[in-house]
Amino acid sequence: MSDTLTRLAQVLEERKDAAADSSYVASLYHKGLNKILEKVGEESVETIIAAKDAAISGDCSDLIYETADLWFHTMVMLAQLGQHPQAVLDELDRRFGLSGHAEKASRPSA
Ligand SMILES: N=c1c2ncn([C@@H]3O[C@H](COP(=O)(O)OP(=O)(O)OP(=O)(O)O)[C@@H](O)[C@H]3O)c2ncn1[C@@H]1O[C@H](COP(=O)(O)O)[C@@H](O)[C@H]1O
């Protein structure tokens with residue numbers, strides 16, 4: 001896993017013990033899953049708008065910024081539910097291995 005994701009996942013775990021007013025991530029945990037999901041939704045919409053703007057302007061800087069916000073908030077969501085980002089990378093690896101070049105992903109059988 002990338003060093004960045006590893007370090008960020010570690011900080012997200014540490015914030016679970018922090019006071020609500022001590023940091024942004026701690027405040028999200030204290031507000032609860034619905035607030036985190038609301039942020040994921042907001043960042044998804046902002047990413048879509050940035051992609052459409054980028055397609056017109058050719059400038060992808062906002063798109064990269066908004067995608068980072070989206071990835072970050074999905075990591076907070078996963079952490080709140082006790083999941084590590086490595087689980088997502090493992091799933092992508094599994095799909096890549098399935099088709100050689102990830103033509104079509106299928107869900108693992110239960
Ligand atoms: N990667 C991020 C990151 N990306 C985005 N954000 C925050 O996510 C928020 C998204 O912007 P918005 O305008 O939608 O949010 P807002 O207006 O502040 O919040 P709302 O009241 O609207 O919900 C901003 O406050 C950003 O600062 C992040 N906050 C923290 N991190 C990482 O998380 C680590 C821990 O953060 P803290 O808990 O704040 O120390 C940091 O060291 C960073 O590495």
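**View 1. How much of the protein is buried.** Of its 110 residues, 26% count as buried (under 20% relative accessible area, with over 50% called exposed and anything in between partly exposed; 1.4 Å probe, protein chains only). This is a predicted model, so local features need pLDDT of at least 70 and side-chain atom pairs count only at pLDDT 80 or more, while totals for chains, interfaces and linings use all residues. Residues are numbered from 1 along each chain as its sequence is written, and side-chain values use heavy atoms, with hydrogens and water left out. The protein exposes about 7,600 Å², and carbon and sulfur atoms supply 58% of that (Shrake-Rupley method, 1.4 Å probe; for residues, only the protein chains shown count as cover).

**View 2. The fold, helix by helix.** You'll find 5 helices and 0 strands here, running α-α-α-α-α from the N terminus (DSSP runs numbered from the N terminus: helices are H or I with at least four residues, strands E with at least two). Take the contacts with a separation of 6 or more, and 51% of them come from residues 24 or more positions apart (a contact being heavy atoms within 4.5 Å).

**View 3. Inside the largest nonpolar core.** Eleven is the tally, or in figures 11 residues: L5, A9, L12, V25, L28, Y29, I36, F72, M75, V76 and A79. A core like this is a set of buried Ala, Val, Leu, Ile, Met, Phe, Trp, Tyr and Cys residues joined through side-chain atoms within 4.5 Å. Helices α1 (3-14), α2 (24-31) and α4 each give two or more residues to this core, and α4 gives the most, with 4 residues. In soluble globular proteins, nonpolar side chains tend to be buried together.

**View 4. Close-up on Y29 and V25.** Y29 sits in helix α2 and counts as buried because its relative accessibility is 10%. Leaving out residues up to four places away in sequence, Y29 touches L12, E13, R15, K16, I36, V76, A79 and Q80. E43 is another matter: Y29 and E43 are 14 residues apart in sequence and 17 Å apart in space, C-alpha to C-alpha. V25, a fellow member of the core, touches L12, R15 and F72, again not counting residues up to four places away in sequence.

**View 5. T47 and L63, where α3 meets α4.** T47 belongs to helix α3 (residues 33-57), and L63 to helix α4. T47 counts as buried because its relative accessibility is 11%; L63 makes the cut too, at 19%. Setting aside residues up to four places away in sequence, T47 touches L63, E66, T67 and L70. With the neighbours within four places in sequence left aside, L63 is in contact with T47, A50, A51 and A54. The C-alpha atoms of L63 and A51 are separated by 5.6 Å, with their positions 12 residues apart along the chain.

**View 6. The largest pocket.** This one has a volume of about 240 Å³, and its lining is made of L5, W71, T74, M75, L78, P85, V88, L89 and L92. Helices α4 (61-80) and α5 (85-99) are the elements that give two or more residues to the lining. By type, the lining splits into 8 nonpolar, 1 polar and no charged (Ala, Val, Leu, Ile, Met, Phe, Trp, Tyr, Cys and Pro are nonpolar; Asp, Glu, Lys and Arg are charged; the others, Gly among them, are polar). On a 1 Å grid over the protein atoms alone, a pocket is an open set of points where a 1.4 Å probe fits, with protein on both sides within 12 Å along at least five of seven lines, and lining residues have an atom within 4 Å of a point. Its volume is the space filled by probe spheres set on the points, which are joined across faces, edges and corners.
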